[in-house]
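Colleague: I'd like to understand the labels you use when you talk about a model. Could you take me through the reasoning behind a few of them?

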Amino acid sequence: MKLSQRIKSRVVGLGIALFLTVSCNTQDKSIAENIHEAPIDYSAKVYPQLDTENSRWFFFSSASRPFGMVNLSPDTQIGGSWGSGYRYKTDTIKGFSHIHAWQMSGVSVMPVTVPKENSKTIFTDFYSKFSHKKEKIAPGYHYLELDRYHITSELTSTKRVGFHQYSFPENEKAAVLFNLNTLLGPCKNTNGFLEQNNKNELSGKLVMEPTHRRPKPVTVYFKAIFNSDISEIEHDENTGNYLVNLNCDNGKVLMKLGISYTSVENASNNITQELPHWNFNEVISDSKTEWNGLLGRIAIKGGTETDQKRFYTDLWHALQGRRTINDANGAYPDNTGEQFRIGQLPLDENGKPKFNHFNSDSFWGAQWTINTLWGLVYPDIMEDFVYSLLQYYKDGGLIPRGPSGGNYTYVMTGASSTPFIVSAIQKGIITEDLESIYQALKKNHMPDGIMGKSGYEHNTNLGGGLKHYIEKGYVPYPIPEGNFGSHEDGASLTLEYAYQDWTIAQLSKKLNHQDDYDYFMNRSTYYKNVFDSEIEWMRPKNMEGVWKSDYDPYQLENGFIESNGAQSTWFVPHDLKGLADLMGGKDKAIEKLNEQFKTAEKINFTAGNSHAQELHPEYSRIPVNYGNQPSMQMAFIFNELGRSDLSQYWSRAVVNKAFSGLSPATGFNGDEDQGLMGSLSVLMKIGLFQMNGGTETNPRYTIGSPLFDEVRIKLNQDHNPNKIFTIKALNNSASNVYIDKASFNNKAINDFNITHQDLINGGELILEMSNHTHAKH
């Protein structure tokens, strides 16, 4: 049974069973003792405005379901991927748009009252002020008042249908402006077209123009149905937009708007399948139930009220951002070939898609985030995403690292999907067709595969320097062929490829491809070729093998991708003991890394509070940056080198400094990237981490320093029926960050590691916390 079937049953079944596990107001009782108390509304603990002063186009969410095709929300700024969408400090609404996705935007509408004289002015002058004081936001719901028009606006949605409820003032001419031709987030919306189908129905389409990252146009089709009759539609030749005038006697208007990337007919069918009624409150309730079903798989006890709210906000971010692109009937847009085609997902015996197809930012950094969180708590979601990636391979011949609009974007670098898929296989989530999956992954690691493409390199296979990596054992900097994309930073590329080669080698071993295993394991040692033993840092070298002159390991993007050499020196998650040997032994490596953390702590382990500030001189030289992916693993390196106490200490310190804020002004302090930072924050707060992305045989979890006294994980019913994994941190406090003793199911744990197989069988991990360490220095 795949996700399309499971969601409903899980929400109903898991929803109730799991909601009864915890009450944050009963601090003296165990979670198990609270099992008969009232259901917990986990969605009420989510704070959607988190970090919205610094957010980007796809960051904010309100009227959306998990991974919904529709992500309906107000836009206060509309130009560009960064600094647009819902930005908290901007007090003007410029429309409610339905698509906030990686490199995609579209279908912006605005309820208005039309001036009695010169109504044409509304096409170019329709923005409205609003106040946060009158605003209400929750997962699946958004309420605000448009001050200019005295209109109350409420938004909710199903997966593919936006549902609007507007209350217009009496004695005013009510209308909805369809702003179909506009710059909206990352791309222009053009060729907008709208037509009336009957007295209360419209259909239309628009084109999302190509972007630097998404090279082909994408058409979005929509169907709109009102509960009021349409009196007139006005079309403005200058803007190309449409004003839909309405007859609404009681002042209240409901509008369903379904979207599709394949046809108007499928947009209409999405409405028929998902929203056959007009009960607005029922949709809000259904959305809350669905969110609670997923958020409630992790129940926590302890911490402050702010800690708990921030935790569920982080978890909420881990369950959105990446968007569904297939219709309810399984049709989806395929742009991977020369000509656009409508693809069809395989259907189950009930005619429902066996899995969903997705629009997704890169999996760059996912090895330390969603690999672990989804693989443990949401294996059903991980399964869906794996099959979606494989569908792109079937259509276009490559597994993508970040698809948009049914096509490749080549966002970021490397073969970042390899660790994600290998992790799903090693955890038993994907069990069929492993040989064909392996061959698909292997293709990406060889010439003409995706590994050889630099960031957004659409037309060649030279920018990633894979040829040189294979021949010389490193990617030179600069790449001699020239510039073909972004992120052609040879030292980082070498490190990234070496790790990803190690992950595919593990699958080679599993499938008994000994020659391939030996080949990729040898390539996984190439990280050593960019380590300069004289200065004890990773360092770029040119085509002739000469180290970069005037090299400064603290200079940002000096041969390294979105990082500096001090941070990226530690990007060897598959062989940290080998890295320590290069540095002169474990003690020297530990001392070096510890000093980096001490320095980074002075500015809260982040390069400012937004991605843009990484270039600022005050922040760019930070040796550990928890505002971006390249540094995500660093606190847990100590555990691999025999100093678990330092992993416990620094991981808790990072949580306190970087992932504890709860306001529009702060949150992820950099580049959240569709749930990656949210997932990392969740993992650090529950005290579990996987250094190599969970890609080895029977993957290991490193035990960190949990923020909460108790964490109860309901393991997925389809994969691990009726299993519960509980973490109890005894004597936990802000000062008691060290683990004095650890046991799992009454068996002592001495190395602070637990295997995936043990964990998914359920049980109780007991951690006795202390304010001092017994580690030998």
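Colleague: Why is Arg 539 called buried or exposed, whichever applies here?

Modeller: This is a predicted model, and in it Arg 539 has a relative accessible area of 14%. Buried means under 20%, so Arg 539 is buried. Arg 539 sits in the loop between strand E27 (537-538) and helix H12 (565-568).

Colleague: What makes the approach of the Arg 539 side chain to Lys 548 a polar contact?

Modeller: The side chain reaches the backbone oxygen of Lys 548 at 2.6 Å. The limit is 3.5 Å between N or O atoms, so this pair qualifies as a polar contact. Leaving aside neighbours within four places in sequence, Arg 539 is also in contact with other residues, including Ala 491, Asp 532, Trp 547 and Phe 560.

Colleague: What makes you say how far helix H7 is enclosed?

Modeller: Count its buried residues: 10 of the 10 in H7 (residues 417-426) are buried, so the helix is largely enclosed by the rest of the structure. Among them are Phe 420, Ile 421, Val 422 and Ile 425. As for what they pack against, the partners are helix H5 (370-377), helix H6 (379-396), helix H8 (434-444) and H10. Just after H7, Gly 428 takes a positive phi of about 75°.

Colleague: And what is noteworthy about the phi of Tyr 410 and of Tyr 456?

Modeller: Most residues other than glycine have a negative phi. Tyr 410 has a positive value, near 55°, and Tyr 456 has one near 60°. Tyr 410 lies in the loop between strand E25 (407-408) and H7, while Tyr 456 lies in the loop between H8 and H9.

Colleague: How do you know whether those two tyrosines are buried or exposed?

Modeller: Set each value against the 20% cut-off. Tyr 410 comes to 11% relative accessibility, so it counts as buried. Tyr 456 has a relative accessible area of 8%, so it is buried as well.

Colleague: What kind of peptide bond joins Tyr 477 and Pro 478?

Modeller: A cis bond, with omega at about 5°. Most peptide bonds are trans. Pro 478 is found in the loop between helix H9 (466-472) and H10.

Colleague: Why is Glu 591 put in the buried or the exposed class?

Modeller: Its relative accessible area is 54%. Exposed means over 50%, so Glu 591 is exposed. The residue belongs to helix H14 (residues 586-601). From Glu 591 to Phe 363 there are 228 residues in sequence and 31 Å in space, C-alpha to C-alpha.

Colleague: How many cavities does the model have, and what lines the largest?

Modeller: There are seven cavities of 30 Å³ or more. The largest has a volume of about 90 Å³. Its lining has 13 residues, and those closest to the centre are Trp 364, Gly 365, Gln 367, Glu 496 and Phe 571. Helix H10 (residues 490-510) gives the most to this lining, with three residues. By type, the lining divides into seven nonpolar, five polar and one charged.

Colleague: How do you know which parts of the model the predictor is confident in?

Modeller: From pLDDT, which averages 93 for the chain, with 94% of the residues scoring at least 70. Over residues 1-36, by contrast, pLDDT stays under 50. The model still has 87 contacts beyond four places in sequence for that stretch.

Definitions and conventions: Residues are numbered from 1 along each chain as its sequence is written. This is a predicted model: local features need pLDDT of at least 70, side-chain atom pairs count only at pLDDT 80 or more; totals for chains, interfaces and linings use all residues. Side-chain values use heavy atoms; hydrogens and water are left out. Helices (H or I, at least four residues) and strands (E, at least two) are DSSP runs, numbered from the N terminus. Buried means under 20% relative accessible area, exposed over 50%, partly exposed in between (1.4 Å probe, protein chains only). A polar contact is a pair of N or O atoms within 3.5 Å; within protein, one must be able to donate a hydrogen and the other to accept it, and residues adjacent in sequence count only if both atoms are side-chain atoms. Contact means heavy atoms within 4.5 Å. pLDDT is the predictor's confidence in each residue, from 0 to 100. On a 1 Å grid over the protein atoms alone, a cavity is a set of points where a 1.4 Å probe fits but cannot get out, and a pocket is an open set with protein on both sides within 12 Å along at least five of seven lines; lining residues have an atom within 4 Å of a point. Grid points are joined across faces, edges and corners, and a volume is the space filled by probe spheres set on the points. Ala, Val, Leu, Ile, Met, Phe, Trp, Tyr, Cys and Pro count as nonpolar, Asp, Glu, Lys and Arg as charged, and the others, Gly among them, as polar.
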